[in-house]
Amino acid sequence: MNNLPKTLFDKVWDAHVVERIEDGPEILYIDKHLIHEVTSPQAFDELRKRNIKLFRPKQIVATVDHNVPTLNQELPIKDELSKQQVQQLTDNCSENGVELYGLGHPYQGIVHIIAPELGITQPGMSMVCGDSHTSTHGAFGTIAFGIGTSQVAQVFASQCVLMNKPKSMRVTVNGKLNDFVQPKDIILYIISKVGTDAGTGFFCEYAGNVFTEMSMEGRMTVCNMSIEMGARGGMIAPDQTTFDYLYGRKFAPKGDEWNKKVAYWKTLPTDKEAVFDKEYVFNAEDIQPMITYGTNPSMGISINHAIPKSSSESEKKALQYMDLYGGQSLESIPVRHIFIGSCTNARIEDFRVAASYIQGKQIAKEINALIVPGSQQVVQQIKEEGLDKIFEEAGFQIRQPGCSACLAMNDDKIPAGDYCVSTSNRNFEGRQGQGARTLLASPLTAAIVAIEGKITYQKLNEYASIN
């Protein structure tokens, strides 16, 4: 049985099974447990009530990100809820021996950005967090998925989680991408084709030369949005790109341990004869820069297309909320806000590509544009590379690390009725603020809209010709 061909997912999952319950779920060991200020308080309370100690506090990575302010982080927090949640996490971590990367700490940032950049996320691991976009870490060949509050308590108490093994799915994209197509465009294209429920009950592996040629930052963007097509998580097999990214990072293995780990990591890719429960195949040449127009990530189109006519009641409802209509030109949408940030697109590569278009230009007069780095380390990189000057001279506001306008849990909200081109991952009703209207796009597309004041395909062609 053990000699049968296995997928990447099977190999990592099976290596972490503590016990299989007959005709039931499996007990899965968790290597790293990521926590933040929003979904951990109730779990800590549960342990306290039952007089249970944290089983392995050293396996926990804690930071504050979801509703922290992105201005004046050095000052006391004004918002009472945010202040209370941050203080509660601080107290809980102190009480339980968990190191916290809180405000002011050089490692503070969005949890799904700091773990990879610190070398905490490594191939072959199992990782969980009380946050749906934990799938980000699958870019390293990890099994990473979001869990609920009761499961957070379960992992606190046992370093394990009880779970039915998902099925396996593979999405393959081969071919040559158009020069201006970004990783965000690729995953938005895939979701637009398969829908928001294609991955329900599955773990998805991304395969093909498009992903093997992609940077780690790009792979993280793709895996981050696996959850938006209903998948439990997404994975990409580790390779030399993965190893090069991890080498020398703060918590990455060193010396002989590094060599041993790499030797193991090289055994993880899917066996050639392995069979998946579901397969999708796409051609890279078919993918154009994408943008959403509705209220779920599958309602996406190429930016050189008009808004399609609604074919269902749910689509009609979405267009009504967005105040758009079938056949409408994307250029006619009165965009007023730009948000470049979130756990999907707030890494240094995202800001580099945005700055490459913005340099020497000014944002359109009607545009309010936010740049929100994903971590304190990204803040430093932006400064060291002079990107901060490019953004500031163009009229962008640079904020401090946090989830920010992705989910409007702090003051970074989009006003009701306004349109925002956002590099985040969800365009649900009210996601960026009550009544706000979200258009998901890549950092490059967002940068172009900020400068031109409209959604335009022509400028992407110009960008490609000079880059």
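Which strands does α6 lie across, and at what angle does α6 run to β12? Helix α6 lies across β9, β10 and β12. Its direction makes about 125 degrees with β12. The model is predicted.

**The sheet under α6**

Those strands belong to an open sheet of four strands. The order is β11-β10-β9-β12, and the pairing is parallel. Strands β11 (233–235) and β12 form the edges, each pairing on one side only. From one strand to the next, the twist averages 20 degrees.

Strand β9 pairs with β10 in the parallel sense over six bridges. Here M169 has C204 of β10 as its bridge partner. The chain leaves β9, passes through α6 and arrives at β10. This β-α-β crossover is right-handed. Strand β9 also pairs with β12, again parallel and over six bridges. In that pairing, R170 stands opposite E279 of β12.

**The second sheet**

Another open sheet has five strands, in the order β5-β4-β3-β6-β7. Its pairing is parallel. Its edge strands are β5 (100–101) and β7 (143–146), and each of them pairs on one side only. Within this sheet, β3 and β6 pair in the parallel sense over three bridges. L34 stands opposite C129 in β6.

Helix α5 (residues 149–158) packs on this sheet. The helix touches β3, β4 (60–63) and β6. Its direction makes about 135 degrees with that of β3.

The strand pairs described above are set out here.

| Strand pair | Residues | Sense | Bridges |
|---|---|---|---|
| β3 and β6 | 32–35 and 126–129 | parallel | three bridges |
| β9 and β10 | 167–174 and 202–207 | parallel | six bridges |
| β9 and β12 | β12: 278–283 | parallel | six bridges |

**Helix against helix**

Two packed helices are described by the angle between their axes and the distance between the axes. Helix α6 (residues 183–194) packs with helix α8 (residues 216–224) at an angle of about 25 degrees. Their axes are 8 Å apart. Angles under 35 degrees count as roughly parallel, so α6 is roughly parallel to α8. The crossing of the two helices is right-handed.

Which residues make the contact? From α6 come P183, K184 and I187. From α8 come G218, T221 and V222. By type, the residues of this contact divide into three nonpolar, two polar and one charged.

Helix α6 thus recurs across this picture. It lies across β9, β10 and β12, it sits on the path from β9 to β10, and it packs with α8.

How values were computed
Residues are numbered from 1 along each chain as its sequence is written. This is a predicted model: local features need pLDDT of at least 70, side-chain atom pairs count only at pLDDT 80 or more; totals for chains, interfaces and linings use all residues. Side-chain values use heavy atoms; hydrogens and water are left out. Axes are lines fitted to C-alpha atoms, for helices over the stretch in contact, and angles run from 0 to 180 degrees between N-to-C directions. Angles under 35 degrees count as roughly parallel, over 145 as roughly antiparallel, 65 to 115 as roughly perpendicular and the rest as oblique. A crossing is left-handed if the near helix is turned anticlockwise from the far one by less than a right angle, and right-handed if clockwise. Contact means heavy atoms within 4.5 Å. Ala, Val, Leu, Ile, Met, Phe, Trp, Tyr, Cys and Pro count as nonpolar, Asp, Glu, Lys and Arg as charged, and the others, Gly among them, as polar. Two strands pair if DSSP finds at least two bridges between them. A crossover is right-handed if, with the strands pointing away from the viewer, the path from the first strand over the helix to the second runs clockwise.
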